[in-house]
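Subject: Structure handover

Hi,

Here is the structure I promised you. Please open it next to this email; my notes follow below.

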Amino acid sequence: MGVIILSEGLVIKLRPLHPSDDIALAKVIRSALVEFGANRPGFAWQDPELDAMSKTYDASGCLYFVAVEGTNLLGGAGIGPLRGVEGTCELQKMYLAPSARGKGVGWRLMGSLLEQAHVMGYRWIYLETLSGMVAAQQLYRAWGFLQMEHPLGQTGHGGCDCWFLKSLHGAGGGGTTRLTHRKQESRGQDQGGIHDPDHWFP
């Protein structure tokens with residue numbers, strides 16, 4: 001579904017999550033949570049699906065993409081229905097290994113998920129993060145997310161203190177997202193990964 005060729009000649013592929021990825025993905029996610037002090041209640045650390053992500057995202061309205069370099073899984077990101085809010089999905093569990101950060105991988109993951117969310121019929125996409133994740137917030141704003149004053153739905157992640165929402169229809173959504181993705185994709189790579197969500201805990 002997508003290939004990223006890095007300046008050093010490495011090739012990173014984006015593809016749907018497979019059951020054989022579960023162990024490696026759980027390791028990437030837990031390592032990131034420990035690295036940034038989010039290995040505690042209120043964050044994804046307590047989510048029961050961490051060891052069986054492929055089963056969770058095989059449900060209706062869900063999707064998860066992973067980034068791989070050969071047989072090495074570098075991380076991923078997904079979407080799922082936002083509980084309690086009709087027509088809205090949540091951008092979920094976007095984590096990358098340190099070796100994949102700042103290379104445009106997060107930018108491409110975001111673009112792919114936004115396109116698929118639109119195709120799947122969602123009208124809005126929501127996410128939660130931390131106020132200290134400045135680089136990640138630059139990514140969200142570059143893709144047209146608007147910051148909110150309060151959380152939406154029932155995510156179970158009460159530790160997050162920063163919330164964003166984006167329309168997937170009309171100006172800044174749907175077809176516009178596809179155009180923006182292709183036009184600005186190189187910017188995320190050329191500017192040292194400024195659009196790459198290196199630290200993100202949805």
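Contact here means heavy atoms within 4.5 Å. In that sense helix 3 (residues 105–119) lies across strand 1, strand 2 (11–16), strand 3 (63–69), strand 4 (72–81), strand 5 (88–96), strand 6 (124–129) and strand 8. Helix 3 runs at about 160° to strand 5. Helix 4 (residues 134–142) also packs on the sheet, where it touches strand 6, strand 7 and strand 8. The direction of helix 4 makes about 20° with that of strand 8. Keep in mind that this is a predicted model.

The sheet

The sheet is open and has 8 strands, in the order 1-2-3-4-5-6-8-7. Pairing is mixed. Strand 1 (2–5) and strand 7 (146–148) stand at the edges. Each has a single partner strand, so one side of each is left without a neighbour in the sheet. From one strand to the next, the twist averages 25°.

At one edge, strand 7 pairs with strand 8 (residues 162–167) in the antiparallel sense, over 3 bridges. Gln 147 has Phe 164 in strand 8 as its bridge partner.

Strand 3 is worth a look. It has antiparallel links to strand 2, through 4 bridges, and to strand 4, through 7 bridges. Pro 16 has its bridge partner in strand 3, namely Phe 65. Ala 67 stands opposite Gly 75 in strand 4. The hairpin of strand 3 and strand 4 has 2 residues between the strands, and Gly 70 takes a positive phi there, near 65°. Of the 7 residues of strand 3, 6 are buried, so this strand is largely enclosed by the rest of the structure.

The cores

In soluble globular proteins, nonpolar side chains tend to be buried together. The largest nonpolar core in this model has 34 residues. Which of them touch the most other members? They are Ile 79, Leu 91, Leu 109, Met 110, Ile 125, Tyr 140 and Phe 145. Strand 2, strand 3, strand 4, strand 5, helix 3, strand 6, helix 4 and strand 8 each supply at least two residues of this core. Helix 3 gives the most, with 7 residues. Another core, of 15 residues, lies apart from it; among its members are Val 28, Ala 32, Met 53 and Val 68.

Aromatic rings

The count comes to 4 aromatic pairs. One is the pair of Tyr 57 and Tyr 64. Their ring centres are 5.0 Å apart, with 55° between the planes, and the pair is tilted. Are these two tyrosines buried or exposed? The cut-off for buried is under 20% relative accessible area. Tyr 57 has 7% relative accessibility, so it counts as buried. Tyr 64 has 2%, so it is buried as well. Elsewhere, Tyr 140, Phe 145 and Phe 164 form one aromatic cluster.

A residue to inspect

Thr 88 is found in strand 5. At 4% relative accessibility, Thr 88 counts as buried. What does Thr 88 touch, not counting residues up to four places away in sequence? Its contacts are Pro 81, Leu 82, Tyr 122, Trp 124, Ile 125, Tyr 126 and Leu 165. Ile 125 is also one of the residues with the most contacts to other members of the largest nonpolar core.

Best wishes

Notes: Residues are numbered from 1 along each chain as its sequence is written. This is a predicted model: local features need pLDDT of at least 70, side-chain atom pairs count only at pLDDT 80 or more; totals for chains, interfaces and linings use all residues. Side-chain values use heavy atoms; hydrogens and water are left out. Two strands pair if DSSP finds at least two bridges between them. Axes are lines fitted to C-alpha atoms, for helices over the stretch in contact, and angles run from 0 to 180 degrees between N-to-C directions. A nonpolar core is a set of buried Ala, Val, Leu, Ile, Met, Phe, Trp, Tyr and Cys residues joined through side-chain atoms within 4.5 Å. Buried means under 20% relative accessible area, exposed over 50%, partly exposed in between (1.4 Å probe, protein chains only). Rings of Phe, Tyr and Trp (its six-membered ring) pair if their centres lie within 6.5 Å; planes under 30 degrees apart count as stacked, over 60 as edge-to-face and the rest as tilted.
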